[in-house]
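Hi everyone, thanks for making time this morning. I'd like to take you through one structure, so please have a look at it while I talk.

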Amino acid sequence: MEARVERTRKLVEGIKAYAICIFCNVCFAGYNIICKVSLDNGMSVYALVVYAYIVGTLTTALFAVILERKNDAKISMVILRDIFFLGLLGGVLGRTLYYIGLKDTSPSVATALSNLIPSMTFILAVLCRKEPLDISKLSAQAKVGGTVVALAGATIMTLYKGCVVISLNSAHHGTAASKLHLKKHWFKGSLMLLGSYLSLSAFYVLQTVTVKRYPAPITLTSLNCLSGTLLSAIMAAILDHKASSWTLSWDMSLVAVLYSGIVVFGLVFYLQAIVARTKGAVFITAFGPLGTVIATIMAVLLLGDVLFLGSVVGPVVIVVGLYITLWGKEMEKEKKLMEVATPSQCIEITSEKP
């Protein structure tokens, strides 16, 4: 009876983890669509970054007060330094470049290229000597090979558009000049997105180190948002100081700000933290391609986006590379668990001998 109850409990927990990851990817897809509409309607990129981080700071601070009020971790100068750079990488560079890239491309491209983050994070972790690399091991070969394949897919998406695969808008054919203009914007936007994801990869590497020094992830996220708010506000004051850019109306711009701050920074990050504790970060990352599919469908149906051949082939290659990289990480994780378990078993066997 107890075994049946335990199996049922594990089944429910497994279903809950899958449901949470699917829900988070739907939220991220909606985030891309809403922000794209807001930016296309004329909202300032810099204002969106600042407002989203203000709401995100308040939301995560509320979560921290409720869930981590017993936190007694001390904030040292080293942690303050890390929080400054986390705000710089995540807010000033990561989000700003992301919104600029999203404005010049499409939600489907933005979500497809985001599958490069695990590969970029792996490269930076190796360069910063945060992750060992023994190329003689199969797991390391898989991670390196997956990274190369994923980068090849990103190159296809950036440099090649190809013919139209799906278009619900019959008026997508334009003059040669308009197509050339679109191609330049597409290339620039793709580069901005790649720069954004490289910055966010560096953010994740630094965050992994910082959360070990300050083991209160929600509070740390709130402090990161506060740092991002201050730094992005300084950047915005320098680059876009027109009063009209900071006006919020009861339209999609306000929805984008509230959705970014409450749903993405608050709810989604909290739910991902819950799943990460039981299933690990690799489990969450494996659902990234689902977000790409959802965002692509929503962009075609809701925004009338045109789906080009390069936007189909590139993401498929990226997803193949992503799963090869994740497979290598899982192999490495299982081997470490076996290495930890083997000595303890040997000790038990030795202790049983007369």
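I'll start with the overall fold, then go on to two helices, the salt bridges and the cysteines.

First, a word of caution: what you see is a predicted model. The chain has twelve helices and two strands. If you follow the chain from the N terminus, the order reads α-α-α-α-α-α-β-α-α-α-α-α-β-α. Of the 354 residues in the chain, 44% are buried. And how do the contacts spread along the sequence? Taking contacts between residues at least 6 apart in sequence, 91% join residues at least 24 apart.

Now to the helices. Let's take H2, which covers residues 45–67 and so counts 23 residues. From its first C-alpha to its last, H2 reaches 32 Å, close to the 33 Å expected at 1.5 Å a residue. Just ahead of it sits serine 44, which caps the N-terminal end of H2. A side-chain oxygen of serine 44 lies 3.3 Å from the backbone nitrogen of tyrosine 46.

Next comes H3, residues 77–104. What span should we expect for its 28 residues? At 1.5 Å a residue the answer is 40 Å, and the end C-alpha atoms are 39 Å apart, so the two agree. H3 does have a kink, though: about 30 degrees, centred on glycine 94.

On to the charged pairs. In general, side chains of opposite charge can pair when their charged atoms come close. How many salt bridges does the structure hold? There are four, and I'll show you some of them.

Let's begin in helix H1, residues 2–40. Aspartate 40 forms a salt bridge with lysine 36, with the closest N and O atoms 3.6 Å apart. Because these two residues are four apart in the helix, about one helical turn separates them. As a general reminder, an α-helix has 3.6 residues a turn, so residues three or four places apart point the same way. The two partners differ in exposure: aspartate 40 is partly exposed, with a relative accessible area of 47%, whereas lysine 36 is buried, at 7%.

The next bridge joins aspartate 104 and lysine 188, where the closest N and O atoms are 3.2 Å apart. Which parts of the chain does this pair link? Distant ones: aspartate 104 is in helix H3 and lysine 188 in helix H7, residues 176–213, and the two are 84 residues apart. Aspartate 104 counts as buried, at 14% relative accessibility, while lysine 188 counts as partly exposed, at 38%. There is also a network: salt bridges that share partners join Arg81, Asp82 and Arg213. Within it, the side chains of aspartate 82 and arginine 81 meet at 3.1 Å, N to O. Here aspartate 82 is buried, with a relative accessible area of 2%, and arginine 81 is partly exposed, at 42%.

Last, the cysteines. The structure holds zero disulfides. Why does cysteine 24 have no bond? The closest cysteine sulfur, in cysteine 27, is 6.2 Å from its own sulfur, and that is too far for a bond. Cysteine 24 counts as buried, at 2% relative accessibility. Cysteine 225 is buried too, with a relative accessible area of 2%.

That's my tour, and I'm happy to take your questions.

Key. Residues are numbered from 1 along each chain as its sequence is written. This is a predicted model: local features need pLDDT of at least 70, side-chain atom pairs count only at pLDDT 80 or more; totals for chains, interfaces and linings use all residues. Side-chain values use heavy atoms; hydrogens and water are left out. The expected span of a helix is 1.5 Å times one less than its number of residues. A polar contact is a pair of N or O atoms within 3.5 Å; within protein, one must be able to donate a hydrogen and the other to accept it, and residues adjacent in sequence count only if both atoms are side-chain atoms. The bend at a residue is the angle between axes fitted to the seven residues ending there and the seven starting there. Buried means under 20% relative accessible area, exposed over 50%, partly exposed in between (1.4 Å probe, protein chains only). A disulfide is a pair of cysteine sulfur atoms within 2.5 Å. Contact means heavy atoms within 4.5 Å.
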